[in-house]
Amino acid sequence: MNKTLYLIFLFIFFVLLQTLILNNIHLFGHINPYIYIAYIFIFPLNQKRIAFLTISFFLGLCIDLFSNSGGIHAFATLFIAYIRLFLVRAIFKKTESDYLLFDLKLETFDKTFNYIAILTIIHQFILYSFINFSFYNFSNIIINTLLSTTFTLVLYFLGSFIFRKKLS
């Protein structure tokens, strides 16, 4: 399949999965997985940065439109999209010339886990900080961030494992 069509399909898939299914999951009042950010992990590094940031913003904006959340997903998604290259350089020790051949599936599990966990924690912290928007609720921010991050990571790696085994 053409790479552009594949990325468009993934964009639509993640938006529909998040808005129709995962936004309706609220385990114990705290846990809500945000798996749509996996699109940012999967998106190729060798694409133009402005195009990637624009697509990431629209991904968050689509989630905001369906969730009626006023732009918090757009901001959190745009922020992790912006810092993604910094983390790739720091964790994977990649340079700009390595971006063309970079594939997350070919990296070691510990580096991949650290990369995805850091981006997920940052996303969730920003999201819940804007949802609560008060220092009086700081314990709720931390609890929601940790529980939702854990559930999101479990879903991401479970889905990644299932689809990797199916495609092989």
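Lys93 lies in the loop between helices α4 and α5, the latter covering residues 109–132. Start there, and keep in mind that this is a predicted model.

**Two loop residues**

The phi angle of Lys93 is near 60°. That is a positive value in a residue other than glycine. Is Lys93 buried or exposed? Its relative accessible area is 61%. Exposed means over 50%, so Lys93 counts as exposed.

Asn68 sits in another loop, the one between α3 (49–67) and α4. Its phi is near 55°, again a positive value in a residue that is not glycine. Asn68 is exposed, because its relative accessible area of 72% is over 50%.

The table sets out the two residues.

| Residue | Loop | Phi | Relative accessible area |
|---|---|---|---|
| Asn68 | between α3 and α4 | near 55° | 72% |
| Lys93 | between α4 and α5 | near 60° | 61% |

**A buried threonine**

Now step into a helix. Thr77 belongs to α4, which runs over residues 72–92. How much of Thr77 is accessible? Its relative accessible area is 0%. Buried means under 20%, so Thr77 is buried.

Which residues does Thr77 touch, leaving aside those up to four places away in sequence? They are Tyr36, Ile40, Ser56, Leu59, Gly60 and His123. Tyr36 also takes part in a polar contact: its side chain pairs with the side chain of Thr77 at 3.2 Å.

**The whole protein**

Step back to the full chain. What does the protein contain in helices and strands? There are 6 helices and 0 strands. Along the sequence, the pattern reads α-α-α-α-α-α.

Next comes overall size. The C-alpha atoms fill a box of roughly 45 × 35 × 30 Å along the principal axes. For 168 residues, a compact globule would have a radius of gyration near 15 Å. The protein has 16 Å, which agrees.

Contacts can be sorted by sequence separation. Take those between residues at least 6 apart in sequence. Of these, 65% join residues at least 24 apart.

What share of the 168 residues is buried? Buried residues make up 41%. The accessible surface of the protein comes to about 9900 Å². Carbon and sulfur atoms account for 71% of that surface.

Last, the charges. The protein has 12 positive and 6 negative charges. The mean positions of these two sets are 4 Å apart.

Key
Residues numbered from 1 in each chain as written. Predicted model: local features only at pLDDT ≥ 70, side-chain atom pairs only at ≥ 80, totals over all residues. Heavy atoms only, no water. Helix = DSSP H or I, 4+ residues; strand = E, 2+ residues; numbered from the N terminus. Rg over C-alpha atoms; globule rule 2.2 N^0.38 Å. Buried < 20%, exposed > 50% of the residue type's maximum accessible area, 1.4 Å probe, protein only. Contact = heavy atoms within 4.5 Å. Areas by Shrake-Rupley, 256 points an atom, 1.4 Å probe, with all protein chains shown as cover. Lys, Arg positive; Asp, Glu negative; His and termini not counted. Charge placed at Lys NZ, Arg CZ, Asp CG, Glu CD. Polar contact = N/O pair within 3.5 Å; in protein donor to acceptor, adjacent residues only side chain to side chain.
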